[in-house]
Amino acid sequence: MQFLETLKTLSLARQLILASAVLGVMFAISFMVRGAMQEPMALLYSGLDPVHAGEIIEELDQRGVAYDIKGSAIFIAASSRDKIRFALAKDGLPRPSVQGYELLDDINGFSVTSEMYNAAYWRAKEGELTRTILAIPGITSARVHIGTSLRSGFARSQPARTASVTVNTTHDLSARQAEAIQYLVALAVSGLEPSAVAIIDPRKGILAGPNIDNVEEPGLLADTQAARLEQKILRLLEARVGAGNARVSVAMDVNRQRQSISSVSYDPGSRVIRSRNINDMSETSKGSSPALTVSSNLPAGNAAGAAGSSTIQNSTESVAYEINETRTETETLPGEIERISIAVLLNEQALGIDPAVADPAVLIEQIIADFEQLIVSGAGLELDQGDALTVELMPFQELVADELVAPPSLMQQLLERYFWSGLQAFLLGVVVIVLAVGVVRPLLANKPVGEDGLASEPQLVTADGNAPAPGPDPFEYLVNYTGSRQDEAAALLQEWLTQDQKVAVNE
């Protein structure tokens, strides 16, 4: 009741300030209590298919579990996450996005034809293979298609089986990984050859499969050869300097152009007679009229001349020669290695070089020359043809051995679990104390104002509620009162001055 009487004696402005302060305290308390009492959220599932994510959300709604969705991730309270996961797993959630042999569980043998069963069987086989491929690190999605024949089992010949695998990856698949997927599918399907399985990346095309040559991807082939050469050189060096004391980097310049050259050459000194033809022709002609001579013009000469004849001979020869001919066709395929660059870094500390040697620089040069000769011979480099080799000796940084991580102590667990909530509770207490001491207490400490607008004088009372005996000096009491309540004394003086000014104006 005294609190209500005190509120009634306050002015309207002070009542509004007090109400605002109380509401602010209540709001701060509710906000900080809510933040302190709210459990941290933990990831339940992420990256699910939208259909299966909807099933999870529906199940959480039925169980009354509060959840939060951020993108494709579902968060729930950390304290109940494991329990909810086990409960959902008991009900078969989340359901696998790919179905395998469980497709055959619902097949009724009395109502299913052989064609329907075969279709379900191959569909289950594709699902099982897809599940296995998805277990490979780096593959985000996959789909397997097996080419099955619909011909009768009594046919004399069956077409060759084929298959294709479409994958989406977070990084590039190597040739060995693509080959592994080929063998995985081929060994799971009877009669399927690994070379008949096509591995397809929607972004990069065919990675492996029938009628594909690795040379068509010179970059992939060069990377594989460079990796093998690195391992070869590394094994060679670690036998001398020890494991972990050598680093090798191999770079290969690959020709990516395809070139085809055709040439024909003849050897003129290799002339050989292939055929010879000789044609002889003889022609003889005879005449009946006498020949016209000098004697026929004489008077006494023989007027009748003898009959004349002529013979013509013609001979031709044709010779055909054979000359050696050389035809050369040269085709340069992409993938030819034009240049090899090798950089080798060795741990100087592992070589045991004694700094007390008279001339350590000469010793280091000799060691580097020995290693260069070893690498050139082991890698088959041709330095005069443009290949490059660099060997450097430097001290390696000391590697700290991996140690077992000790489990967190009880204090660390308490700090990790309750640090932020405790900090929020502490800040809440500070805000409440500041508002109570700095705002509410001064407002409630004001004395009631009389009808004349002046504050009533303070009344001294003893512990039993009666007025004290007349003994204390009023002046001393006033000094003590104004010293302990300076703000109220200043406000009282201000009101007196205001009243005096009003009286002076009215007069």
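Buried means under 20% relative accessible area, exposed means over 50%, and partly exposed is in between, using a 1.4 Å probe and protein chains only. With that in hand, Glu-59 is buried, because its relative accessible area is 17%.

This is a predicted model, in which local features need pLDDT of at least 70 and side-chain atom pairs count only at pLDDT 80 or more, while totals for chains, interfaces and linings use all residues. Residues are numbered from 1 along each chain as its sequence is written, and side-chain values use heavy atoms, with hydrogens and water left out.

**The chain as a whole**

The protein chain holds 11 helices and 12 strands; these are DSSP runs, numbered from the N terminus, with at least four residues for a helix (H or I) and at least two for a strand (E). Of its 507 residues, 21% count as buried. A contact means heavy atoms within 4.5 Å. Among contacts with a separation of 6 or more, 69% are between residues 24 or more positions apart. The accessible surface comes to about 36,500 Å², and carbon and sulfur atoms own 56% of that; such areas come from the Shrake-Rupley method with a 1.4 Å probe, and for residues only the protein chains shown count as cover.

**Salt bridges**

Side chains of opposite charge can pair when their charged atoms come close. Here a salt bridge is a side-chain nitrogen of Lys or Arg within 4 Å of a carboxyl oxygen of Asp or Glu. A search of the whole structure finds 8 of them, including these:

| Pair | Closest N and O atoms |
|---|---|
| Glu-59 and Arg-63 | 3.0 Å |
| Arg-63 and Asp-91 | 2.8 Å |
| Asp-201 and Arg-203 | 4.0 Å |

Shared partners join Glu-59, Arg-63 and Asp-91 into one network. Glu-59 and Arg-63 both lie in helix H3, 4 residues apart, about one turn of the helix. Arg-63 is partly exposed at 36% relative accessibility. Asp-91 sits in the loop between helix H4 (81–90) and helix H5 (114–134), so its pairing with Arg-63 in helix H3 ties together parts that are 28 residues apart in sequence. Asp-91 is partly exposed too, at 39%. Glu-59 also touches Asp-91, along with Leu-88 and Leu-93, not counting residues up to four places away in sequence.

In the pair Asp-201 and Arg-203, Asp-201 is buried at 3%, whereas Arg-203 is exposed at 57%.

**Nonpolar cores and a surface patch**

A nonpolar core is a set of buried Ala, Val, Leu, Ile, Met, Phe, Trp, Tyr and Cys residues joined through side-chain atoms within 4.5 Å. The largest has 26 residues, of which Ile-233, Leu-237, Val-250 and Ile-342 touch the most other members. Helix H7 (218–241), strand E8 (246–255), E11, helix H8 (360–379) and strand E12 (388–394) each supply at least two residues of this core. Apart from it lies another core, of 21 residues, with Leu-129 and Ala-186 among them.

Strand E11 (residues 336–347) also includes Leu-345, which is partly exposed at 27% relative accessibility. Leu-345 and Ser-249 are 96 residues apart in sequence, yet their C-alpha atoms are 8.8 Å apart in space.

On the surface, Met-411, Leu-415, Phe-419, Leu-423, Phe-426, Leu-427, Val-430 and Val-434 make a nonpolar patch of about 740 Å². Patches are made of residues with over 30% relative accessible area and no salt bridge, like charges being joined within 9 Å and nonpolar side chains (Val, Leu, Ile, Met, Phe, Trp, Tyr) within 5 Å. Val-430 belongs to helix H9 (residues 410–444) and is partly exposed at 35%.
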